[in-house]
Every structure is written in structure tokens, then in C-alpha cells.
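Below are questions and answers about one model, for a reader who works with coordinates. Each answer ends on the item asked for.

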Amino acid sequence: MTLARPLIWGHRGASFAAPENTLAAFRLAREMGADGVELDAQRCASGEIVVIHDDSLARTTGFAGLVTETPYPVIRALDAGRGERVPLLSEVLEELPLRINVELKCDRADDRGLTAGVVKLVRAAGAADRVLLSSFNPLCLLRARLLAAETPRALLFESEQEWWLRSALAAPVLAAGALHPEHVLATPDRVRRWRRRGYLVACWTVDDPDTASGLVDSGVTGIITNRPDRMRARWP
Ligand code: G3P
Ligand code: MG
């Protein structure tokens with residue numbers, strides 16, 4: 001029996017049961033007992049920070065436009081699923097009294113103000129103590145370190161990346177306190193090594209409680225899941 005109890009993060013909210021990255025999904029994650037939610041942040045054409053995963057609005061709203069090229073009034077009018085809207089990050093920070101893992105979604109060197117905009121909102125909401133900034137893009141995390149050293153950072157990586165990105169190599173220079181590997185990269189040996197070096201480790205996207213238990217047994221401290229209810233049932 002393991003006594004470890006991981007932090008349970010709702011991936012894009014409780015996105016198995018509700019439209020991803022919407023207030024409905026975040027509220028449901030809370031009702032299901034998640035410790036926090038993970039969400040994806042981007043800066044739209046008029047400068048607001050909106051919560052949406054893809055570069056394009058098409059998959060989740062049916063509108064064939066890029067987030068970076070579409071102004072907020074247009075985005076706000078779209079249906080993100082079951083009548084939900086694409087929320088502003090400021091709305092989520094204001095409404096949800098949980099930990100929030102804000103993933104900075106940007107694959108360019110110039111993030112066009114995304115990181116600075118997120119830092120500003122987190123400060124304005126007085127939420128620096130419950131926000132964790134993460135990104136696949138080390139430059140976004142470096143910016144975050146320079147702009148808001150007080151807000152914890154997590155380095156994301158996945159199996160499709162080149163070897164030097166798909167490891168914890170950049171974490172020290174970013175002063176990241178946590179690693180967020182795709183779960184297939186979190187072998188017991190690696191997890192032990194990362195934990196020995198002092199990192200928190202949260203894996204994504206894990207919806208099977210037995211897979212999650214195996215990860216936790218090897219030292220993983222957080223599970224990012226579309227199904228927080230299942231994980232909460234495993235760790236009541
Ligand atoms: O933050 C974990 C996870 O969300 C990273 O992948 O593509 O779902 O944003 P993605
Ligand atoms: Mg994400």
C-alpha cells in the first residue's frame with residue numbers, strides 16, 4: 001500500500017465530461033475534488049489572454065481563424081461547446097478558488113506579450129501563491145523567471161520533442177521547481193533521479209487510475225487528468 005497522495009489536476013478542467021478549457025469544465029473539476037486545474041493560455045489579436053488549447057479556433061468552436069489573429073469580441077461570441085464561451089484567464093482566476101496551472105502556449109521565440117500578460121493578471125488577482133506557470137517553450141519560462149521569480153514554474157516535455165528538449169536539461173537555468181513530462185517519459189529510474197534532484201513531478205495525461213498508481217509509487221507527485229473524479233476515487 002502506498003501512502004503517497006498526489007496532487008490531482010484537471011487537464012483543461014474536467015475535460016472528459018465538459019467542454020475543455022471552459023468555466024463549466026473548471027467548475028466541474030472542483031466539484032469532482034480536483035486540487036487544481038491545468039489550462040492553456042494564449043494572447044488573442046486584441047491583446048486579451050484567453051483560455052484555449054489550439055492555435056486555431058476551429059476544433060473547439062467551429063470558427064476557422066487563428067487565436068492570434070482574432071480579436072476578443074469575435075472569440076467571445078463563439079460557442080466553445082454546449083453554449084460555453086472561451087473564457088478570459090482573468091475570469092478563471094477570479095472565479096476558481098483552486099490551484100491553477102497556467103500553461104503558456106506559444107511555440108515562437110517572441111511570445112508577443114503572452115508571458116508578461118499572464119504575470120500581470122496573476123498579480124492583479126493576487127493569485128501568485130496558487131498559480132503554477134508551465135510551458136513546453138523554455139523561453140516563456142525564462143521570461144517568467146525574469147518577470148515573476150516568485151511564481152513557481154514547471155518545464156513541460158513530451159516524447160515527440162528532440163532529446164535535449166525532452167529531458168530536464170533546461171530546468172536549472174529556468175529555476176523550475178517542477179517537471180511535467182508526458183507520462184510515457186516518466187520511467188521509474190528517471191522519476192527517482194528527478195525527485196533526488198528536488199523536482200516535483202506531475203505527469204500528463206493520465207486517465208487510468210492503475211497507471212496513475214504506478215507513477216505515484218515511483219515518486220510522481222502530481223497527476224494531470226481529464227478525469228479528476230476517477231483519481232479522487234483512488235485517493236479520497
Ligand atoms: O500541461 C500538460 C498538458 O496540457 C500538455 O499538453 O497539449 O494537452 O496542452 P497539451
Ligand atoms: Mg495544456
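Q: Is Glu-103 buried or exposed?
A: This is a predicted model, in which local features need pLDDT of at least 70 and side-chain atom pairs count only at pLDDT 80 or more, while totals for chains, interfaces and linings use all residues. Residues are numbered from 1 along each chain as its sequence is written, chains are lettered from A and ligands numbered from 1 in the order in which they are written, and side-chain values use heavy atoms, with hydrogens and water left out. Buried means under 20% relative accessible area, exposed over 50%, and partly exposed in between (1.4 Å probe, protein chains only). Because Glu-103 has 5% relative accessibility, Glu-103 is buried.

Q: Which residues are the protein donors of the magnesium ion (ligand 2)?
A: Donors are N, O and S atoms within 2.8 Å of the metal (3.2 Å for Na, K and Ca); water is not among the atoms, so sites may look incomplete. Here the protein donors lie 2.0 to 2.2 Å from the ion. They are Glu-38 (OE), Asp-40 (OD) and Glu-103 (OE).

Q: What spacing do the donors of the magnesium ion (ligand 2) follow along the chain?
A: Glu-38 belongs to strand S2 (residues 36-43) and Glu-103 to strand S4 (residues 99-104), so the pair links distant parts of the chain, 65 residues apart. Helices (H or I, at least four residues) and strands (E, at least two) are DSSP runs, numbered from the N terminus. The spacing of the donors is E-x1-D-x62-E.

Q: What is the relative accessibility of Glu-38?
A: Glu-38 is a donor of the magnesium ion through OE, and this residue is also among those surrounding ligand 1. Glu-38 counts as buried because its relative accessibility is 4%.

Q: How far is a polar side-chain atom of His-53 from an oxygen atom of ligand 1?
A: The surroundings of ligand 1 include His-11, Arg-12, His-53, Lys-105 and Trp-204, where a residue is near a molecule or strand if one of its heavy atoms lies within 4 Å of it. A polar contact is a pair of N or O atoms within 3.5 Å; within protein, one must be able to donate a hydrogen and the other to accept it, and residues adjacent in sequence count only if both atoms are side-chain atoms. For Arg-12 the distance from a side-chain N or O atom to an oxygen of ligand 1 is 2.8 Å, and for Glu-103 it is 2.8 Å. For His-53 the distance is 2.6 Å.

Q: How much of the accessible area of ligand 1 does the protein cover?
A: Accessible areas come from the Shrake-Rupley method with a 1.4 Å probe; for residues, only the protein chains shown count as cover. On its own, ligand 1 has 290 Å² of accessible area. The protein covers 91%.

Q: What is the phi of Arg-12?
A: Most residues other than glycine have a negative phi. Arg-12, in the loop between strand S1 (7-11) and helix H1 (23-31), has a positive value instead. Arg-12 is buried because its relative accessible area is 15%. Its phi is near 60°.

Q: Which residues does a cis peptide bond join?
A: Most peptide bonds are trans. In this bond omega is about -25°, and Thr-205 sits in the loop between strand S8 (200-203) and helix H9 (209-217). The residues joined are Trp-204 and Thr-205.
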